[in-house]
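Colleague: Please take one aromatic residue in the core of this model and describe its setting closely. Then carry on from there to the other rings, the spaces and the cysteines.

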Amino acid sequence: MSKKKGIIGSTLQLTVAVLFIKVLGLAKKSIIAAVCGATAETDAFFIASEVIVALCTVFFSSISISLLSMHTNRLLKEGRDASNNLINAVLKIFIPIAFVITIIFVSFSDDISRILAPSYEGAQLQDLSSYIRIIAIVFVFSCYYQIINVVLETDKRFLPGKGQAFFQNLFVIVSALLFYPKMGISALLWAFVLAGFIQCIQITWNARNCFKFKLKTSDEIASIKMLISLAGPLIVGNAIYEINDIVDKQISSGLGHGGVSVLSYGASINEIVTSLIVTSLSTVLFSHYATWIAEGKIEKVGDNLQQSLEYLFVIIMPIMVMCFVGGDLIVGVLYGRGSFSTEAISRTNGVVIGYAAGFFFQAARATIVKVYYAFQDTKTPMINGAISVGVNVVLSITLSKFLGVTGIALATSISMLVVTALLLPGVKKYTPSFSMKSSITDGLKILLASGIVWLTAALIKTTLQGDIYLQFVIMGTYIVLAYAALIMLLRVKCINRIIKRFKGAR
């Protein structure tokens, strides 16, 4: 199988898996909304769980991203034993660090809670502190599975790394339905912990044929120093983004009870779009980029990036239109039951619209940044990210005063536009052949088709009444079919390439 087919096949396979996991994730949020509602307790739960998961990404996903390029080079040039030696050395350094981080969060959970939610007092502050102590061990589990997963992704095996989200969603659903009535929110947190432990077992089993543990490793001091130097800017860059997320939560926690929960429920719809389309593609591309660079095939990186951005644009636009026109239908279908009120639906719809405005920019940033990482440049994304986060913090504070939680989501979209605009020109430094000029005509055609569908869909919606599920199906079907017909009528060139590649992937 050619590399091109390998990318398409791997992306399709991973997309199907991510789709299933994200549908399960939406079911999780829907069940939490129905069983628990949008309350002070759910606010504390989302702050504790999402901040800890985000910090795991800051530290250990940054390490694994930098490690993948090093591991790929080591495997291609020195073989499996040498690459295994590197992974073992990294584990010996970073697992103890993960334990130290866990101890710090357990010991200083009260102080950390005050930082994360400065508006919290009394029982709510104590709840958040307790939740942080329960979930802190996830740092260790995340460190282990992220490092071992590097071995699998180097071998182009991407599915096992998605097990964490699968187990987490499944266990939280079971806990919400069976144990929440007796244990409360803590049942959901213990589900997170169990998911992390099971993921470690699963990733170890899947890596058993390509990775062996060693009690003694040969000298890897130079490699560890190189890894730290590469990961350092990436950690800082990710930390800046997570500080931004923490600021968003701090702002939303001051917008009344349920503010954090509404932001989280709306963000879950944003995540299914970005994760389903973007994470699958960027995960596969990053591994291939690293291999192409190691093999000296630099031009393939630029050509593939251009085509990837074209595909993302044509796929994301109808989704964005659906969120703009039928965001309330989406929220109603997913969350509109049980303890989830009409007011919560309206507020969540605003969040969905705010995030939808930046769907493409989120997708583009996540794809472009992988080129920098593959060339082992982690400083440029860090600097550009810091600028965009500064923009986001200022806009979140300002817009939330006028638009509430919608303003926070909209600020995120604007900041994604800024960072994408900053990153895109720098790609030519590494891939001189890269250019988006030939894509301008197709882009304008796609915008025209999207605008027509948006206006006509808005008119159709005013005539719809009755069952919300039927309205959702009608609107979704019309938008997809009308958009597909228009881009075919306008002869958008990248559509022909998509069709040919899908046929080639079979």
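Modeller: In this predicted model, Phe 46 counts as buried because its relative accessibility is 2%, under the 20% cut-off. The residue sits in helix α2, which spans residues 40-78. Its ring does not stand alone: Phe 46 belongs to one aromatic cluster together with Phe 45 and Phe 192. Along the chain, Phe 46 and Leu 128 are separated by 82 residues, yet their C-alpha atoms are 9.5 Å apart in space.

Helix α2 also takes part in one of the enclosed spaces. The structure has two cavities of 30 Å³ or more, and the second largest holds about 40 Å³. Helix α2 gives the largest share of that cavity's lining, three residues. The residues around this cavity are Ile 65, Ser 66, Ser 69, Leu 230, Tyr 373, Gln 376 and Thr 378. By class, three of them are nonpolar and four polar, with no charged residue in the set.

Back to the rings. The whole structure contains 14 aromatic pairs. One of them is Phe 324 with Trp 454: the ring centres are 5.0 Å apart and the planes meet at 35 degrees, so this pair is classed as tilted. The stacked class would need planes under 30 degrees apart. The two partners are 130 residues apart and link distant parts of the chain, with Phe 324 in helix α12 (residues 298-335) and Trp 454 in helix α17 (residues 440-461). Trp 454 is partly exposed, its relative accessible area being 40%. Another tryptophan has a charged neighbour: Arg 208 lies over the face of Trp 205, 3.8 Å from the ring centre.

The helices of the tilted pair, α12 and α17, each supply at least two residues to the lining of the second largest pocket, as does α14 (359-374). Helix α17 contributes the largest share, six residues. The pocket has a volume of about 420 Å³ and a lining of 23 residues, with Leu 309, Phe 313, Phe 360, Met 436 and Gly 443 nearest its centre. Its lining comprises 17 nonpolar, four polar and two charged residues.

Ahead of α17 comes a loop that starts after α16 (405-423), and Gly 426 is found there. With 24% relative accessibility, Gly 426 counts as partly exposed. Its C-alpha atom is 8.6 Å from that of Thr 380, a residue 46 positions away along the chain.

That leaves the cysteines. A disulfide is a covalent bond between two cysteine sulfur atoms. The structure holds zero of these. For Cys 56 the reason is distance: the closest cysteine sulfur, in Cys 143, is 9.1 Å away, so the two are too far apart for a bond; the cut-off used is 2.5 Å. Cys 56 counts as buried at 3% relative accessibility. Cys 323 is buried too, with a relative accessible area of 3%.

Methods
Residues are numbered from 1 along each chain as its sequence is written. This is a predicted model: local features need pLDDT of at least 70, side-chain atom pairs count only at pLDDT 80 or more; totals for chains, interfaces and linings use all residues. Side-chain values use heavy atoms; hydrogens and water are left out. Rings of Phe, Tyr and Trp (its six-membered ring) pair if their centres lie within 6.5 Å; planes under 30 degrees apart count as stacked, over 60 as edge-to-face and the rest as tilted. Helices (H or I, at least four residues) and strands (E, at least two) are DSSP runs, numbered from the N terminus. Buried means under 20% relative accessible area, exposed over 50%, partly exposed in between (1.4 Å probe, protein chains only). A charge sits over a ring if NZ of Lys or CZ of Arg is within 6 Å of the ring centre and within 35 degrees of the ring normal. On a 1 Å grid over the protein atoms alone, a cavity is a set of points where a 1.4 Å probe fits but cannot get out, and a pocket is an open set with protein on both sides within 12 Å along at least five of seven lines; lining residues have an atom within 4 Å of a point. Grid points are joined across faces, edges and corners, and a volume is the space filled by probe spheres set on the points. Ala, Val, Leu, Ile, Met, Phe, Trp, Tyr, Cys and Pro count as nonpolar, Asp, Glu, Lys and Arg as charged, and the others, Gly among them, as polar.
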